[in-house]
Amino acid sequence: PGDPPMLTVRVQVDPFLTELNGRILALQEEVVDTVARRTLGLKRIEKLAEKKDVAGAKKAAEEINSLPGKAEFEAKLARIKALAEENRKQTKRPSLGFAVQRMFTQADYMLTEHFKADKVSINVEGEEKGDAKPSP
């Protein structure tokens with residue numbers, strides 16, 4: 001008599017969309033980590049250049065250049081997109097949904113905005129003085 005009527009709603013979670021979401025988020029986290037490491041490396045090069053440590057600056061540039069670059073991340077994102085499209089066709093879905101498309105757009109944006117240059121080189125001005133400056 002005093003209990004209000006209850007409505008039970010069952011939501012069916014698509015395991016593929018959950019997996020896809022995880023793959024995109026993992027890629028985004030890897031991009032953020034790489035960008036942070038590149039930024040710290042560039043700051044390190046600046047400090048080494050102020051100290052005129054050309055060898056140290058070149059070593060730091062090599063470390064930055066060993067990190068994954070835009071091409072590697074674009075290839076990973078392309079594989080995720082291909083997997084998503086293959087699944088969409090197999091399941092005969094009209095689309096993967098707004099949320100998935102938005103995540104792909106965000107990942108594309110991150111790669112475009114944060115990878116203006118893939119490699120870092122050290123330009124030495126006045127070799128006898130050993131001035132080093134990073135060129136991102």
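**Exercise 1. Work out whether the end-to-end distance of α1 fits its number of residues.**

Start with the count: α1 has 36 residues in this predicted model. The expected span is 1.5 Å times one less than the number of residues, so α1 should cover 52 Å. Now check the ends: the C-alpha atoms there sit 53 Å apart, which agrees.

While you're at the start of α1, look at D14: one of its side-chain oxygens comes within 2.9 Å of the backbone nitrogen of F16.

**Exercise 2. Find out how α1 and α3 are oriented, and which residues make the contact.**

Two packed helices are described by the angle between their axes and the distance between the axes. Take the distance: the axes of α1 and α3 come within 11 Å. Next, the angle: they cross at roughly 170°. Anything over 145 degrees counts as roughly antiparallel, so that's the label for α1 and α3.

Last step, the residues. From α1 the contact takes F16, E19, L20, R23, I24, L27, E30, V31 and T34. From α3 come F73, K76, L77, I80, L83, A84 and N87.

**Exercise 3. Describe the largest nonpolar core, then look for another one.**

The largest core holds 18 residues. Inside it, L20, V31 and F104 have the most contacts. Which elements feed it two or more residues? Those are α1 (15-50), α3 (70-91) and α4 (98-114).

Zoom in on V31. Skip its neighbours within four places in sequence, and V31 touches F73, M110, L111 and F115.

Apart from this core there's another, made of eight residues, including I45, A57, A60 and I64.

**Exercise 4. Locate the loop lysines K52 and K92, give their phi values, and decide how exposed each is.**

Take K52 to begin with. K52 comes just after α1, in the loop between α1 and α2 (54-65). Its phi is positive, about 60°, even though K52 isn't a glycine. For exposure, the partly exposed class runs between 20% and 50% relative accessible area; K52 has 46%, so K52 is partly exposed.

Now K92. This residue belongs to the loop between α3 and α4. Phi is near 60° for K92, again a positive value in a residue other than glycine. Exposed means over 50%, and K92 has a relative accessibility of 73%, so K92 counts as exposed.

Notes
Residues are numbered from 1 along each chain as its sequence is written. This is a predicted model: local features need pLDDT of at least 70, side-chain atom pairs count only at pLDDT 80 or more; totals for chains, interfaces and linings use all residues. Side-chain values use heavy atoms; hydrogens and water are left out. A nonpolar core is a set of buried Ala, Val, Leu, Ile, Met, Phe, Trp, Tyr and Cys residues joined through side-chain atoms within 4.5 Å. Buried means under 20% relative accessible area, exposed over 50%, partly exposed in between (1.4 Å probe, protein chains only). Helices (H or I, at least four residues) and strands (E, at least two) are DSSP runs, numbered from the N terminus. Contact means heavy atoms within 4.5 Å. A polar contact is a pair of N or O atoms within 3.5 Å; within protein, one must be able to donate a hydrogen and the other to accept it, and residues adjacent in sequence count only if both atoms are side-chain atoms. Axes are lines fitted to C-alpha atoms, for helices over the stretch in contact, and angles run from 0 to 180 degrees between N-to-C directions. Angles under 35 degrees count as roughly parallel, over 145 as roughly antiparallel, 65 to 115 as roughly perpendicular and the rest as oblique.
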